[in-house]
Amino acid sequence: MQPDDLAPASRVVTLGRGPGRPGDGVSPPLELSSTFHADGPVDYARVGNPTWTAFEEALGALEGGIALVHSSGMAAVAAVLSLVPPGGTVVAPGAAYSGVVATLAQRDAAGTLAVRWVDPGDRDAMATAVTGADLVWVESPSNPLLDLVDLGDVVTLAHAAGALVAADNTFCTPLLAQPLTDGVDVVVHSVTKYLAGHSDVVLGATVTAADETGQELAGRLHGYRTLAGSVAGPMETWLALRGLRTLSVRLERACASAADLAARLRDHPAVQRVRYPGFGAIISIEVVGGAAGAEAVTAATRLWVHSTSLGGVESQVERRRRHAAEPPAVPEALVRLSVGIEDVEDLWRDLLTALSAALACVAETSGRGPRRPGPGRG
Ligand SMILES: *Cc1c(COP(=O)(O)O)cnc(C)c1O
């Protein structure tokens with residue numbers, strides 16, 4: 001059976017294992033050497049490493065292109081921005097992953113890049129903004145608003161204007177979306193999240209198409225990685241490949257639980273709005289009581305871990321606006337839920353307790369709630 005015949009659930013298990021000669025390890029070895037005997041495929045570990053190659057082969061095959069591992073998701077973002085000429089123009093959504101928005105805003109302020117902030121769902125605004133642009137940045141679903149973008153449409157507009165398109169595929173992973181098939185030029189991953197999947201690795205990746213243009217872009221990204229020195233640790237890369245083996249089962253469970261929880265959350269009196277695109281394992285809810293109500297929820301969970309980040313086996317909960325860098329388009333009362341692989345009924349019971357804390361918070365501030373000892377009392 002050829003690897004290409006297999007379903008994705010099989011491919012995450014089989015890819016990147018090498019030829020399997022008698023006596024070879026079934027799992028690829030962790031290569032820690034910084035340098036290699038001369039005249040082989042790799043000479044120095046800032047340029048290449050067999051453990052990187054194993055992970056890159058696996059991710060590249062899943063996305064349908066050429067993958068490169070970077071030291072973090074943000075290092076992958078920086079590598080993609082190196083494709084833009086000095087003083088060039090980037091079209092980007094105002095509400096996206098805060099690190100991307102912050103780095104673009106910083107470069108715009110410094111004058112090294114010009115950024116046109118556009119709602120990617122606004123087709124007319126996008127059509128105008130791409131004129132003369134070098135790169136269009138998209139994130140679908142977006143973090144944490146979970147807005148969807150028609151990638152094919154953005155690619156058509158951008159390519160007609162001569163701009164490259166980069167898509168952050170962190171929330172989907174190649175199992176839920178393969179942006180290269182929509183014509184996107186560079187796919188970006190925070191491998192830290194679902195691909196590694198256990199909240200114990202910081203890592204990033206870029207993937208470009210396998211055709212001539214994609215190969216040329218991969219060469220430039222590889223050149224950037226080598227000279228910027230933003231190289232991934234072999235240990236992190238090895239852990240990410242191990243995490244990838246279970247991506248399909250982790251995602252299957254997490255997505256099923258997310259669909260179930262999103263439906264239940266819609267009927268809860270503490271929830272004013274549920275943002276859930278109908279797939280994936282991230283749900284953003286807007287709760288009653290504003291920022292205080294949201295803080296009450298995150299303080300009250302026991303099973304859901306109050307922490308930043310997402311995509312781990314453990315369910316995580318966070319009020320995103322607690323970070324000063326979070327774009328103001330994100331509501332104060334928005335709580336992002338990253339659904340993990342625990343039992344869904346346990347997750348729901350814990351959420352019910354946490355949501356009642358938001359209701360209690362509202363009742364208290366409107367004076368109808370449990371009385372606290374105040375001045376002249378108690
Ligand atoms: C976390 C994240 C990043 C940044 O990745 P790091 O690995 O933390 O550097 C980029 N994009 C999205 C959508 C993310 O969630």
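Which are the buried residues of α11? With this predicted model open in the viewer, begin by selecting helix α11, residues 290-300, and then pick out G293, A294, A296, V297 and T298, which are its buried residues.

**Around α11**

Keep those residues displayed and bring up what covers them, which includes the strands β9 (282-287), β10 (305-306), β11 (316-319) and β12 (334-338), together with helix α12. Next select α12, residues 344-365, and look along the pair: α11 and α12 pack at an angle of about 145 degrees, with their axes 7 Å apart, and their crossing is right-handed. To see the contact itself, show A292, G293, A296, V297 and A300 on the α11 side, where they meet A354, L355, A357, A358 and C361 of α12. By class this contact has nine nonpolar residues, one polar residue and no charged residues. As you look along the helix, bear in mind that an α-helix has 3.6 residues a turn, so residues three or four places apart point the same way.

**From α12 to α10**

Leave α12 on the screen and add helix α10, residues 247-266, whose axis comes within 11 Å of that of α12 and crosses it at roughly 35 degrees. The crossing of α10 with α12 is right-handed. On α10, select S257, D260, L261, R264 and L265; the residues they meet on α12 are V344, E345, L347, W348, L351 and L355. Sorted by class, this contact has seven nonpolar residues, one polar residue and three charged residues. L355 deserves a label, since this residue of α12 takes part in the contact with α11 and also in the contact with α10.

**The loop between β4 and α6**

Now move to the loop between β4 (135-139) and α6 (151-160), where P141 is found. The peptide bond from S140 to P141 is cis, with omega near -5 degrees. P144 lies in this loop as well, and a second cis bond joins N143 and P144, with omega about 0 degrees. Continue to L146, also placed in the loop between β4 and α6, where phi is near 65 degrees, a positive value in a residue other than glycine. For background, most residues other than glycine have a negative phi, and most peptide bonds are trans. The side of L146 to note next is its burial, as its relative accessible area is 7%.

**Two cavities**

A search of the whole structure finds two cavities of 30 Å³ or more. The largest has a volume of about 60 Å³, and you can outline it by selecting P141, L146, F171, C172, L176, P277, F279, G280, A281 and I282. Two residues from the loop, P141 and L146, are thus part of this lining, which by class has nine nonpolar residues, one polar residue and no charged residues.

For the second largest cavity, which holds about 50 Å³ of space, select Y194, R250, L251, A254, G311, G312, V313, V339, G340 and I341. Its lining divides into six nonpolar residues, three polar residues and one charged residue.

**A last stop at S199**

Finish in the loop between β6 (186-190) and β7 (204-209), where S199 is found. Phi of S199 is near 55 degrees, again a positive value in a residue other than glycine. Is S199 buried or partly exposed? With a relative accessible area of 46%, S199 is partly exposed, whereas L146 is buried.

Terms used:
Residues are numbered from 1 along each chain as its sequence is written. This is a predicted model: local features need pLDDT of at least 70, side-chain atom pairs count only at pLDDT 80 or more; totals for chains, interfaces and linings use all residues. Side-chain values use heavy atoms; hydrogens and water are left out. On a 1 Å grid over the protein atoms alone, a cavity is a set of points where a 1.4 Å probe fits but cannot get out, and a pocket is an open set with protein on both sides within 12 Å along at least five of seven lines; lining residues have an atom within 4 Å of a point. Grid points are joined across faces, edges and corners, and a volume is the space filled by probe spheres set on the points. Ala, Val, Leu, Ile, Met, Phe, Trp, Tyr, Cys and Pro count as nonpolar, Asp, Glu, Lys and Arg as charged, and the others, Gly among them, as polar. Axes are lines fitted to C-alpha atoms, for helices over the stretch in contact, and angles run from 0 to 180 degrees between N-to-C directions. Helices (H or I, at least four residues) and strands (E, at least two) are DSSP runs, numbered from the N terminus. A crossing is left-handed if the near helix is turned anticlockwise from the far one by less than a right angle, and right-handed if clockwise. Contact means heavy atoms within 4.5 Å. Buried means under 20% relative accessible area, exposed over 50%, partly exposed in between (1.4 Å probe, protein chains only).
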